[in-house]
Amino acid sequence: MKLVVVAGTPGAGKTSILMHTTRSLLQSGMKPAVVKIDCLWTEDDRRFERLGVPVVVGLAKDMCPDHFSIYNVDDMLAWAASQECDVLLNETAGLCLRCAPYPDNCLAVCVIDVTTGPNAPLKVGPLLTTADVAVATKGDVVSQAEREVFRERILEVNPGCRIVEANGLSGKGSAELAELIRNGPETAADMKLRHNPPLAICTLCTGELRVAKEHHRGVLRHLDGFMEYVGE
Amino acid sequence: MNLELTVIGGVDKEGEAEPVERLDMVRGEIIGIVGPTGSGKSSLIGDIEQFAQGDTPSGRRILINGRTPGAEPRSDPRKKLIAQLSQNMHFLADMTVVEFLKMHAKSRGKPASVAKEVVELANTLTGEPIHPDHHLTILSGGQSRALMTADIAVISDSPIVLIDEIENAGIKKREALELLAGEGKIVVVVTHDPMLALMPSRRVVMRNGGMYRIIDTSQEERTVCEDLTRVDDWLMSLRETIRQGEVVEAAP
């Protein structure tokens, strides 16, 4: 079984790219299954169902969507195996840009929108820096020069990654991504995350609603960068 | 280096095989792409730009020297065979002109010093000069297009040049085309402009998403093109006169 974890900023075109790539994988004889993780709501499962591939939705609700995705990897892989599939496409809903939901033995794909400007690759963090493949979307909206500058910026933060220029509307780049998936790694028994998660649980996680400083506990970071531990 | 660019025909919008099955282009050739709006002109140069291998809606395949190009010339700008001037008239990057040009030069393996040259060249094509410290996002459509054109001529100096409707930007179209074409390149020009359509030796006519036919420019058409060039020179001089706030005189 191969595992592909697709992450990226909201609206970058993850679902559209993945749909075209799924078609391309089907054409080459692979059997993909799709797990779509979202936070609160999605109907993307209907879009994938139209391709005739097994699909399930996981809604993270109150749990961190990346933690939800990682916690359920074993179940997802078992489900994909039960559907007699040979590649699991996991579309994640990571939002906070502090961690990255990529295990070591997967093909980690970060979808990033070129129209967000050449500084965007510097803001995305481990989602991009630990990816194997960066898929740059919406390049048709800008000039070739701007696409190339964007590419250079991606390579500044992740020099080893493979960059695929893709278009969610026309399907450009999906054949290239499908080939990378076909040549991608097989999952292993004791997989580990590539990047350490952010600071552990905070006061807000446990239900604190009051804004004032005195109510907050844990490892806290001030606006000027000063960090301290407050608590017992 | 010998260079031949081939388009192997695919299908039109209805899924029917396109009438032109194969199009070969060699160094030093300028070829025009004409046809009504929506007939697939931009898609054709889009296919060439990304070296389509049956993976776009047209199903066309692009060959270089008769072979399928590898992944590297497709994605690495330093090895890129293709420079493209698209229809985009604006930059979205929030950077100054000089910062952007230096970064683009770096991505193409050129020294940062070319940035100055690009701005100077762009200013020969546009009315209101571009300042290196301007933010890209405040440039006008004409200034952006002039900068994109100069950027291609100096930084993206690739042997295949794709140009999409250069006439729409209010810049000097003939000078811009000459700048981009350079020596010994393969140049593909999408155009609605009669003069630009008749300058190449051949033109592809697009219809319903497919390559419909190829027309060789006749001797008569060349004569028409020369007449058009004179008309265009006159129009350009009138435009300049009016832009400068002066009064025009009757044709000589």
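Here are legends for five close-up views of this predicted model.

**View 1. The largest nonpolar core and its best-connected residues.** This core takes in 116 residues, and those with the most contacts inside it are Val4(A), Val109(A) and Ile163(B). If you're wondering which element gives the most to the core, look to chain B: helix H5 (residues 141–154) puts in seven residues. Zoom in on Val4(A) and, setting aside neighbours within four places in sequence, you'll find contacts with Val87(A), Leu88(A), Leu89(A) and Asn90(A), with Cys106(A), Leu107(A) and Val109(A), and with Ile181(A) and Gly184(A). As a rule of thumb, nonpolar side chains in soluble globular proteins tend to be buried together.

**View 2. Where chain A touches chain B.** Here 20 residues of chain A are in contact with 25 residues of chain B. On the chain A side, H7, strand E7 (162–165) and helix H8 (174–182) each chip in at least two residues, and H7(A) gives the most, with seven. By class, that side of chain A is a mix of seven nonpolar, seven polar and six charged residues.

**View 3. Helix H7 of chain A crossing helix H3 of chain B.** The axes of H7(A) (residues 144–157) and H3(B) (residues 97–107) come within 9 Å and cross at roughly 75 degrees. An angle from 65 to 115 degrees counts as roughly perpendicular, so that is how these two helices, H7(A) and H3(B), lie to each other. From H7(A) come Ala145(A), Glu148(A), Val149(A), Arg151(A) and Glu152(A); they meet Phe100(B), Met103(B), His104(B), Lys106(B) and Ser107(B) of H3(B). Sorted by class, this contact has four nonpolar, two polar and four charged residues.

**View 4. Helix H1 of chain A, largely enclosed by the rest of the structure.** Of the 14 residues in H1(A), 10 are buried, so the helix is largely enclosed. Among the buried ones are Ile17(A), Leu18(A), Met19(A) and His20(A). How far apart are the end C-alpha atoms of this helix? They are 20 Å apart, which agrees with the 20 Å that residues 14–27 should span at 1.5 Å a residue. After H1(A) comes Gly29(A), with a positive phi near 95 degrees.

**View 5. Ala131(A), a buried loop residue.** Ala131(A) sits in the loop between helix H6 (126–129) and strand E6 (133–137) of chain A. With 29 other C-beta atoms within 10 Å, Ala131(A) is buried. Leaving out neighbours within four places in sequence, its contacts are Tyr102(A), Ala108(A), Val109(A), Cys110(A), Asn158(A) and Cys161(A). The C-alpha atoms of Ala131(A) and Ala93(A), 38 residues apart along the chain, are separated by 15 Å.

Conventions
Residues are numbered from 1 along each chain as its sequence is written. Chains are lettered from A and ligands numbered from 1 in the order in which they are written. This is a predicted model: local features need pLDDT of at least 70, side-chain atom pairs count only at pLDDT 80 or more; totals for chains, interfaces and linings use all residues. A nonpolar core is a set of buried Ala, Val, Leu, Ile, Met, Phe, Trp, Tyr and Cys residues joined through C-beta atoms within 7 Å. A residue is buried if 20 or more other C-beta atoms lie within 10 Å of its own, exposed if 12 or fewer, and partly exposed in between; C-beta atoms are placed from the backbone. Helices (H or I, at least four residues) and strands (E, at least two) are DSSP runs, numbered from the N terminus. Two residues are in contact if their C-beta atoms, placed from the backbone, lie within 7 Å. Axes are lines fitted to C-alpha atoms, for helices over the stretch in contact, and angles run from 0 to 180 degrees between N-to-C directions. Angles under 35 degrees count as roughly parallel, over 145 as roughly antiparallel, 65 to 115 as roughly perpendicular and the rest as oblique. Ala, Val, Leu, Ile, Met, Phe, Trp, Tyr, Cys and Pro count as nonpolar, Asp, Glu, Lys and Arg as charged, and the others, Gly among them, as polar. The expected span of a helix is 1.5 Å times one less than its number of residues.
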